Amino acid sequence: MPLPRRTFVASSLGLGLGLALPARAHHGWSSFDQERPLYLEGRATRVMWRNPHGELELELPEKPVLPADLKQRALPKQSASVDGPSLLAKARLPTRRDRKWLVELAPLTRLSAWGVEEIKTGTQLGVLGFTFTGEKGDAVLRAEYLFVDGKVYGLRSSPA
């Protein structure tokens with residue numbers, strides 16, 4: 001029995017939309033240059049609070065700057081061995097000029113363990129993390145530390 005025209009159009013439209021959506025791959029740590037920490041600061045323009053990890057789109061100002069106190073910031077202890085002070089000392093701005101970056105946060109269970117409240121669109125925040133080797137590919141940053149509302153959260157592991 002042939003499908004009614006409305007059902008056929010709706011099914012075709014849904015299939016077409018599904019094919020038009022970009023495929024998202026989950027990136028393992030090996031894709032990221034962990035020897036070159038980047039610091040980004042800006043405004044969250046879109047937030048996806050979901051698993052496998054939270055994500056947000058961060059819009060940088062026209063002329064990004066490293067905060068003068070970045071190297072002296074106190075960092076929370078994590079259950080994993082992370083040399084946070086060394087990462088802060090090596091932190092730099094990206095060389096690429098993208099104003100919008102996709103920031104990959106930790107899984108929601110880990111964000112919850114740290115007490116991170118769901119980030120809202122418009123929130124100003126900073127993030128220290130890693131992008132792809134040579135800053136190639138998409139403007140994606142995998143967060144190591146999150147700075148929001150005067151608090152700092154370690155995202156590699158649970159709080160120590």
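The exercises below go through the fold, ring pairs, a pocket and some single residues of a predicted model.

Residues are numbered from 1 along each chain as its sequence is written, and side-chain values use heavy atoms, with hydrogens and water left out. Because the model is predicted, local features need pLDDT of at least 70 and side-chain atom pairs count only at pLDDT 80 or more, while totals for chains, interfaces and linings use all residues.

**Exercise 1. Describe the overall fold of the chain.**

Step 1. Helices (H or I, at least four residues) and strands (E, at least two) are DSSP runs, numbered from the N terminus. The chain has three helices and six strands.

Step 2. Along the sequence these elements follow the pattern α-β-β-α-β-α-β-β-β.

Step 3. Buried means under 20% relative accessible area, exposed over 50%, and partly exposed in between (1.4 Å probe, protein chains only). Of the 160 residues, 38% count as buried.

Step 4. Contact means heavy atoms within 4.5 Å. Among contacts with a separation of 6 or more, 75% come from residues 24 or more positions apart.

**Exercise 2. Find the aromatic pairs and state which parts of the chain they tie together.**

Step 1. Rings of Phe, Tyr and Trp (its six-membered ring) pair if their centres lie within 6.5 Å; planes under 30 degrees apart count as stacked, over 60 as edge-to-face and the rest as tilted. By this rule there are two aromatic pairs.

Step 2. F32 and F132 form a stacked pair, with 4.9 Å centre to centre and 20° between the planes. F32 lies in the loop between α1 (5-20) and β1 (38-48), and F132 in the loop between β4 (124-130) and β5 (140-148), so this pair ties together parts that are 100 residues apart in sequence. Both F32 and F132 are buried.

Step 3. Y39 and F147 form an edge-to-face pair, at 6.0 Å centre to centre and 65° between the planes. Since Y39 lies in strand β1 and F147 in strand β5, the pair ties together parts that are 108 residues apart in sequence. Y39 and F147 are buried.

**Exercise 3. Identify charges that sit over rings.**

Step 1. A charge sits over a ring if NZ of Lys or CZ of Arg is within 6 Å of the ring centre and within 35 degrees of the ring normal.

Step 2. R73 lies over the face of F147, at 4.8 Å from the ring centre. F147 is also the partner of Y39 in the edge-to-face pair.

Step 3. R96 lies over the face of W101, at 5.6 Å from the ring centre.

**Exercise 4. Which residues line the second largest pocket?**

Step 1. On a 1 Å grid over the protein atoms alone, a cavity is a set of points where a 1.4 Å probe fits but cannot get out, and a pocket is an open set with protein on both sides within 12 Å along at least five of seven lines; lining residues have an atom within 4 Å of a point.

Step 2. The lining consists of G115, V116, E117, E118, I119, K120, T123, V148, D149, K151 and Y153.

Step 3. Ala, Val, Leu, Ile, Met, Phe, Trp, Tyr, Cys and Pro count as nonpolar, Asp, Glu, Lys and Arg as charged, and the others, Gly among them, as polar. By class, the lining has four nonpolar, two polar and five charged residues.

**Exercise 5. Place W114 and K100 in the fold and list their contacts.**

Step 1. W114 lies in helix α3 (residues 108-114). W114 is buried, with a relative accessible area of 13%.

Step 2. Not counting residues up to four places away in sequence, W114 touches P76, K77, Q78, Y153, G154, S157, S158 and P159. The C-alpha atoms of W114 and P159 are separated by 6.3 Å, although these residues are 45 apart along the chain.

Step 3. K100 lies in strand β3 (residues 100-104) and is partly exposed, with a relative accessible area of 40%.

Step 4. With the same sequence neighbours left out, up to four places away, K100 touches T45, E57, L58, E59 and A139. Between the C-alpha atoms of K100 and E59, 41 residues apart along the chain, the separation is 4.5 Å.

**Exercise 6. Locate the backbone features at P52, E135 and D149.**

Step 1. A cis peptide bond joins N51 and P52, with omega about 15°. P52 lies in the loop between β1 and β2 (55-59).

Step 2. E135 is not a glycine, yet its phi is positive, near 55°. E135 is in the loop between β4 and β5 and is buried, with a relative accessible area of 8%.

Step 3. D149 has a positive phi of about 50° and is not a glycine either. D149 is in the loop between β5 and β6 (151-154) and is exposed, with a relative accessible area of 68%.
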